[in-house]
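Work through the exercises below with the sequence and the model open. Each task is followed by a solution in steps.

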Amino acid sequence: MERSWAGALAGVCVLTGCTVQAAGSEGGQPPPVRIELSRTPAADDKAGSAPSAKPSTPSPIPPKPKVLWKPGDTGRDVRELQARLRQVAWLFDGPTGTYDDLTEQAVKGFQGKRGLPRTGETDAVTWQRLLNMTREPGQWDLYLMGGQPADAPDTRCMTGRVLCISKTSRTLRWMIDGRTVLTVPVRFGSQYTPTREGVFSVYWKSRHHVSTLYDSPMPYAMFFSGGQAVHYSSDFAATGYAGASHGCVNVRDEAAIARLFAQVRNGDKVVVHW
């Protein structure tokens, strides 16, 4: 009887997953049965368990704007940058076409005023802000202080000793037998006092000349047509093409015109052309 009861209990345990353990007998009494039920998680427990937390993905760091120009760069694009900085009064010299210290400081000032990183380098964001605030520079905004390339010499300049002066490129070539010895930027008279065009010759040189008509200095003057001469102009050196002469051909590079004055002779040809 006891064995059959124990066997039945064992069968139940097999079905329910319990464990039967004999604890020993005393006084002939049947041994007590201790039942341990192994707990299986319920389906509801699985369904209601909180999902494991996933590590958060850090926000991507935005890339730095592309640097377009930086100190030491040269070229036409740098001239345009400088011309536009002049329009918004962050640069007062040039344009020179060279990204120098003055340009770097001007870019830093422009960036700081608009809450941009003060790097001194012109990146895409800085350039776009500057474009939005300025107009397209013209030819003589880019070459306000000279530096423009000279155009081809006139055919009348290809023989002999010639001061070959182009109103188109605003340059003077000093030429000997078709070879260019020296090229400098020059400035002409206004529409009210135009520089004459044609073929002339140097008839008088005056190193320390002062105009009797306008009471203004005309150093290194080389006269070729009445009172019109090629000479150094401190105003051209200071303001560039923002001004004009009274009809003379102005040179802004004093060292260059000093060399030119030493080489040119009375009787040398002067050609002023478009």
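**Exercise 1. Backbone outliers**

Task: locate A89 and D177 in the chain, and state for each the phi value and the exposure class.

Solution. A89 belongs to the loop between α3 and α4; helices (H or I, at least four residues) and strands (E, at least two) are DSSP runs, numbered from the N terminus. The model is predicted: local features need pLDDT of at least 70, side-chain atom pairs count only at pLDDT 80 or more, and totals for chains, interfaces and linings use all residues. Residues are numbered from 1 along each chain as its sequence is written, and side-chain values use heavy atoms, with hydrogens and water left out.

Step 1: A89 is not a glycine, yet its phi is positive, about 60°. Step 2: with a relative accessible area of 43%, A89 is partly exposed (buried means under 20% relative accessible area, exposed over 50%, partly exposed in between, for a 1.4 Å probe and protein chains only). Step 3: D177 sits in the loop between β6 (171-176) and β7 (179-187). Its phi, near 55°, is likewise positive in a residue other than glycine. Step 4: D177 has a relative accessible area of 60% and is therefore exposed.

Step 5: the loop between α3 (76-87) and α4 also holds P95. The peptide bond from G94 to P95 is cis, with omega near 5°.

**Exercise 2. Aromatic pairs**

Task: classify the ring pairs W69 with W127 and W204 with F223.

Solution. Step 1: a pair of aromatic rings is described by the distance of the centres and the angle of the planes. Rings of Phe, Tyr and Trp (its six-membered ring) pair if their centres lie within 6.5 Å; planes under 30 degrees apart count as stacked, over 60 as edge-to-face and the rest as tilted. Seven aromatic pairs result from this rule.

Step 2: for W69 and W127, the centres are 4.9 Å apart and the planes make 85°, an edge-to-face pair. The pair joins distant parts of the chain, W69 in strand β3 (residues 67-69) and W127 in helix α5 (residues 124-133), 58 residues apart. W69 is buried at 14%, and W127 is buried at 13%.

Step 3: W204 and F223 are stacked, with 5.0 Å centre to centre and 15° between the planes. Here W204 lies in strand β9 (residues 204-210) and F223 in strand β10 (residues 217-225), 19 residues apart. W204 is partly exposed at 40%, whereas F223 is buried at 4%.

**Exercise 3. The largest pocket**

Task: which residues lie nearest the centre of the largest pocket, and how does its lining divide?

Solution. Step 1: a pocket is, on a 1 Å grid over the protein atoms alone, an open set of points where a 1.4 Å probe fits, with protein on both sides within 12 Å along at least five of seven lines; lining residues have an atom within 4 Å of a point. Step 2: of the 25 lining residues, Y214, S216, M218, H246 and C248 lie nearest the centre. Step 3: β10, β11 (228-232) and α7 (234-239) are the elements giving two or more residues to the lining. The largest share, four residues, is from β10. Step 4: the lining divides into nine nonpolar, 13 polar and three charged residues (Ala, Val, Leu, Ile, Met, Phe, Trp, Tyr, Cys and Pro count as nonpolar, Asp, Glu, Lys and Arg as charged, and the others, Gly among them, as polar).
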